[in-house]
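Student: I would like a close look at one part of this model. Please show me how the helices pack, and keep it plain.

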Amino acid sequence: MNALLTARDLHRRFGRTLALAGSSVEIEAGEIVAVMGPSGAGKSTLLHCLAGILLPDQGEMVYAGRRLDQLSERERSRLRRDEFGFVFQFGQLVPELSALENVALPLRLGGTGRREAEQRAEEWLERLEVAALGRKQPGELSGGEGQRVAVARALVNHPQVVFADEPTGALDSLNGERVMTLLVDAARSRGTMVVLVTHEPRVAAYADREVFMRDGRIVSPVLAA
Amino acid sequence: MLLGLLEDGPRHGYELKHEYDERFGRGRSLAFGQIYATLARLLRNGLVEVDAVEAGGGPDRKRYAITDLGITDLDQWLSQPEPPAPHLQTVLFTKVALALMSGRPATELLDVQRRAHLARMRELTALKAGGDLATTLIADYALFHLEADLRWLELTAARLDKLAKEVAR
């Protein structure tokens with residue numbers, strides 16, 4: 001297997017809670033993988049470790065041949081900005097910026113000029129079917145609209161990997177479906193890997209495969225008898 | 001269901017079969033025998049009548065039309081709710097209980113079942129991606145039911161220890 005992103009034997013403790021108790025996973029470039037499991041199984045902790053947001057107490061993460069857990073905070077920040085995109089359940093848009101400025105933000109932070117950044121942001125808003133909302137503030141958007149803007153922002157930089165933590169958790173079925181369809185279509189057309197944390201089977205069904213977590217470990221595939 | 005198709009206008013048996021298959025079949029087509037048996041019953045009950053007969057023999061020469069009684073029957077059928085299926089007998093529960101009673105690993109059984117369910121859900125999701133709205137809605141019907149199974153499965157997985165004690169008595 002030629003994995004782009006690998007986690008080996010991750011352990012992570014929060015106080016007395018063992019969130020990760022030896023999780024290992026390998027994900028290939030362009031794969032869409034759903035991380036499932038009951039609340040408290042360690043799904044979000046695993047995602048945060050894979051994305052280099054959180055460091056494990058033990059174990060290692062390898063991204064494109066580099067040990068993520070051995071990079072400096074500064075190098076990890078740059079990696080997150082240049083190669084990763086993020087979609088969360090709530091509250092991820094900067095409230096003071098318009099939808100368009102929010103989408104353009106990762107490009108601006110990477111040094112792209114304002115005009116070009118906003119032009120590319122507009123293209124992504126159009127692709128996510130919210131082109132008309134570019135001038136609105138996040139507070140004026142519905143949940144579904146806000147998530148589409150967030151997906152546009154996650155993808156605007158052409159990341160290698162999109163990390164999505166319950167991206168449809170706050171949406172009704174129809175809006176959730178639309179956001180998933182748009183996210184998955186865009187990711188597939190660009191060969192972007194998606195690591196998707198969800199407890200909803202219907203959302204997980206958009207992925208190529210699922211990994212299931214229980215008690216901080218990934219339940220290894222058991223072959224049917 | 002045939003009455004519903006006939007309300008639009010008279011049809012031959014084979015036309016009914018093709019229309020049913022196209023609209024509702026989703027890969028599982030009606031047998032001709034089933035169509036003609038149903039039409040014979042509807043005819044006997046006065047819900048349809050033979051509208052025209054072409055020269056020659058065989059059941060496929062007749063064209064059927066819905067009667068007023070048939071329209072009333074269709075009205076009634078459409079206005080009645082379908083019984084919410086109680087599903088109090090499920091093979092899955094029986095398997096879990098038997099696994100626990102015999103000391104076999106019930107968690108693995110649930111893991112295997114989850115994988116099978118999710119694999120089917122992926123197929124249905126892919127079907128929706130290329131389909132029209134009718135395909136989407138029928139796939140959604142199946143997806144929501146499979147999801148309900150999975151919710152039951154997770155709840156059961158979380159209660160296996162308790163269930164093990166109960167079935168051991």
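Tutor: What follows goes from the chain as a whole to two helix pairs, and then to the contact between the chains.

Keep in mind that this is a predicted model. The predictor gives the complex an ipTM of 0.84 and a pTM of 0.83. For chain B, the mean pLDDT is 88, and 95% of its residues reach 70 or more.

Start with chain A. It has seven helices and 10 strands. Its radius of gyration is 17 Å, close to the 17 Å that the globule rule gives for 225 residues, so chain A is as compact as a globular protein of that length. Along the principal axes, its C-alpha atoms fill a box of roughly 50 × 40 × 35 Å.

Now zoom in on α3(A) and α4(A). Helix α3 of chain A covers residues 99–109, and helix α4 of chain A covers residues 114–127. Their axes are 8 Å apart, and the packing angle is about 120 degrees. Angles of 65 to 115 degrees would count as roughly perpendicular. The two helices α3(A) and α4(A) are therefore oblique to each other. Their crossing is right-handed.

Which residues do the touching? From α3(A) come A99(A), L100(A), V103(A), A104(A), L107(A) and R108(A). They meet residues of α4(A), including R114(A), A117(A), A121(A), W124(A) and L125(A). By class, this contact of α3(A) with α4(A) has nine nonpolar, no polar and five charged residues.

Next, look at α5(A) and α6(A). Helix α5 of chain A spans residues 143–155, and helix α6 of chain A spans residues 173–190. Their axes come within 10 Å and cross at roughly 10 degrees. That makes α5(A) roughly parallel to α6(A). On the α5(A) side, the contact uses G143(A), G144(A), Q147(A), R148(A), V151(A) and L155(A). On the α6(A) side, it uses N175(A), R178(A), V179(A), L182(A), L183(A) and A186(A). The residues of this contact divide into six nonpolar, four polar and two charged.

Last comes the contact between the chains. Chain A gives 11 residues and chain B gives 13 residues. On the side of chain A that touches chain B, α7 (201–204) and β9 (209–214) each supply at least two residues. The largest share of that side, three residues, comes from α7(A). The side of chain A that touches chain B has nine nonpolar, no polar and two charged residues.

Notes:
Residues numbered from 1 in each chain as written. Chains lettered and ligands numbered in written order. Predicted model: local features only at pLDDT ≥ 70, side-chain atom pairs only at ≥ 80, totals over all residues. Axes fitted to C-alpha atoms, helices over the stretch in contact; angles between N-to-C directions. Helix = DSSP H or I, 4+ residues; strand = E, 2+ residues; numbered from the N terminus. Parallel < 35°, antiparallel > 145°, perpendicular 65-115°, else oblique. Left-handed = near helix turned anticlockwise from the far one by under 90°. Contact = placed C-beta atoms within 7 Å. Nonpolar A, V, L, I, M, F, W, Y, C, P; charged D, E, K, R; others polar. pLDDT = per-residue confidence, 0-100. Rg over C-alpha atoms; globule rule 2.2 N^0.38 Å.
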